[in-house]
Amino acid sequence: MAKSPFFARIKADVLTIMASIPEGGVVTFRDIGAHLDVMPRHVAYILKMRDDDERAAFPAGRVVAKAERALDVAALPHGVPRQTRRANAPVSRR
């Protein structure tokens, strides 16, 4: 279950991007994180917390920590717009 509407949106975007990675291709946590304006750790956490159905549908081997020949996330046909945070966006102070 999603912890917040923001987490649910980010999870949906990560899984949508993963679905667009062709067989044999890889992207990095960092590249997905940069595209969604989130930390790469958040991407890794989302992948770790997938349920069994999501694990079967989205193979995690297509997202790696480092790769010399990683695909460009923006060039994949996923339809997820690049996210950017406004310069004056509020910052969590927990």
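## Close-up views of a predicted model

The chain exposes about 6,800 Å², and carbon and sulfur atoms supply 54% of that area. Keep in mind while looking around that this is a predicted model.

**View 1. The whole chain is built from four helices and two strands.** Starting at the N terminus, you can follow the elements in the order α-β-α-α-α-β. The chain has 94 residues, and buried ones make up 31% of them. Take the contacts with a separation of 6 or more: 80% of these join residues that are 24 or more positions apart.

**View 2. Here is the largest nonpolar core, a group of 19 residues.** Which of its members touch the most other members? They are Val14, Met18, Val27, Ile32, Leu36 and Val63. At least two residues of this core come from each of helix H1 (5-19), helix H2 (29-36) and helix H3 (40-48). Helix H1 gives the largest share, with five residues.

**View 3. Now we zoom in on isoleucine 32 and the residues it touches.** Leaving aside residues up to four places away in sequence, isoleucine 32 is in contact with Val14, Ile17, Val27, Val43, Val63 and Val73. Three of these names may be familiar from the previous view: Val14, Val27 and Val63 are among the core residues that touch the most other members. Isoleucine 32 itself is on that list too.

**View 4. Arginine 9 and aspartate 13 form a salt bridge.** A search of the whole structure finds two salt bridges, and this view shows one of them. The closest N and O atoms of arginine 9 and aspartate 13 are 3.2 Å apart. Why are these two residues about one helical turn from each other? Both sit in helix H1, and they are separated by about one turn because they are four residues apart there. Are the partners buried or partly exposed? Arginine 9 is partly exposed, at 34% relative accessible area. Aspartate 13, in contrast, has a relative accessibility of 13%, so aspartate 13 counts as buried.

**View 5. Glutamate 54 and lysine 11 meet through their side chains in a salt bridge.** The N to O distance here is 3.3 Å. Lysine 11 belongs to helix H1 and glutamate 54 to helix H4 (residues 52-57), so this pair ties together parts that lie 43 residues apart in sequence. Is glutamate 54 buried or exposed? With a relative accessibility of 16%, glutamate 54 counts as buried, because the cut-off for buried is under 20%. Which residues does glutamate 54 touch, not counting those up to four places away in sequence? They are Lys11, the salt-bridge partner, and Leu15.

**View 6. Phenylalanine 7 and tyrosine 45 form an aromatic pair.** The structure holds one such pair. The arrangement of phenylalanine 7 and tyrosine 45 is edge-to-face, with 6.2 Å from centre to centre and 70° between the planes. Phenylalanine 7 is part of helix H1 and tyrosine 45 is part of helix H3, so the two rings tie together parts that are 38 residues apart in sequence. Tyrosine 45 is partly exposed, and its relative accessible area is 32%.

Technical notes
Residues numbered from 1 in each chain as written. Heavy atoms only, no water. Core = buried A, V, L, I, M, F, W, Y, C linked by side-chain atoms within 4.5 Å. Buried < 20%, exposed > 50% of the residue type's maximum accessible area, 1.4 Å probe, protein only. Contact = heavy atoms within 4.5 Å. Salt bridge = Lys/Arg side-chain N within 4 Å of Asp/Glu carboxyl O. Areas by Shrake-Rupley, 256 points an atom, 1.4 Å probe, with all protein chains shown as cover. Phe/Tyr/Trp six-rings, centres within 6.5 Å; stacked < 30°, edge-to-face > 60°.
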